[in-house]
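Welcome to the tour! Open your viewer, and get ready to select a few residues and strands along the way.

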Amino acid sequence: MAKHHLLGNEGEQLAVKWLLEKGFIVLHQNWRHSHYEIDIIASIEQVLHFIEVKTRRNKKFGEPEERVDNKKITNLMKAGAAFQDQYPVWKRVQYDVLSISVHPNNTAEYFFIEDVYL
C-alpha cells in the first residue's frame, strides 16, 4: 500500500478515537455511494456530522485542512445528500473537516472545523 494511503488510514483511526473521546457516536467509516466517499459519519446531540479527515506528518505542503478544496466539499455534500436519501431520519446535519498533524514523536494535533459550506 502506498505511504499516503497508510497515513490516511492511520489518520482516520486517530480521528475515530478522537471523536469517540469527544462524545461522538461513529456510525460509518469510508461510506461510499457511487464514486463519492465520506471518511466518517458520526452523530452527537442529535446532529449528524459528515466528516472529511486530512492527515499530514509535516507542513511541507501546508496544513492538512488546506488540502480540502471546493471540489472536495462539493463531493462531500453530494455524498451527504445521498446518505440522507437513504436515511432520512436526520433533521440536522453538518459538514466538518478534521485536520490531524502527526508530529515526529507520534503525538497528534487536532483541528476540528465545524459546519463548512461553499
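Let's begin inside this predicted model. Select F24 and F112: both residues are buried. The ring centres of F24 and F112 lie 6.0 Å apart and their planes meet at 85°, so this pair counts as edge-to-face. Now look at where the two come from: F24 sits in the loop between helix 1 (3-21) and strand 1, while F112 belongs to strand 5 (residues 108-113), 88 residues apart.

Next, select F50 and F83. Their rings are also an edge-to-face aromatic pair, with 5.7 Å from centre to centre and 75° between the planes. F50 is in strand 3 and F83 is in helix 2 (residues 70-86), so the pair ties together parts that are 33 residues apart in sequence. Are F50 and F83 buried or exposed? Both are buried.

Keep F50 and F83 selected and add W31, Y87 and Y95: together these five form one aromatic cluster.

Now turn to the strands. Select strand 2 (residues 36-44), where seven of the nine residues are buried. Add strand 1 (residues 25-33), which runs antiparallel to strand 2 and is joined to it by seven bridges. The two make a hairpin with two residues between them, and S34 in the turn has a positive phi of about 55°.

On the other side of the tour, add strand 3 (residues 47-56), antiparallel to strand 2 and joined to it by five bridges. This hairpin also has two residues between its strands, and E45 takes a positive phi near 50°.

For the last stop, select A42 in strand 2. Which residues are its partners? V26 stands opposite A42, and H49 in strand 3 is its bridge partner there.

Key: Residues numbered from 1 in each chain as written. Predicted model: local features only at pLDDT ≥ 70, side-chain atom pairs only at ≥ 80, totals over all residues. Heavy atoms only, no water. Buried < 20%, exposed > 50% of the residue type's maximum accessible area, 1.4 Å probe, protein only. Helix = DSSP H or I, 4+ residues; strand = E, 2+ residues; numbered from the N terminus. Pairing = 2+ DSSP bridges. Phe/Tyr/Trp six-rings, centres within 6.5 Å; stacked < 30°, edge-to-face > 60°.
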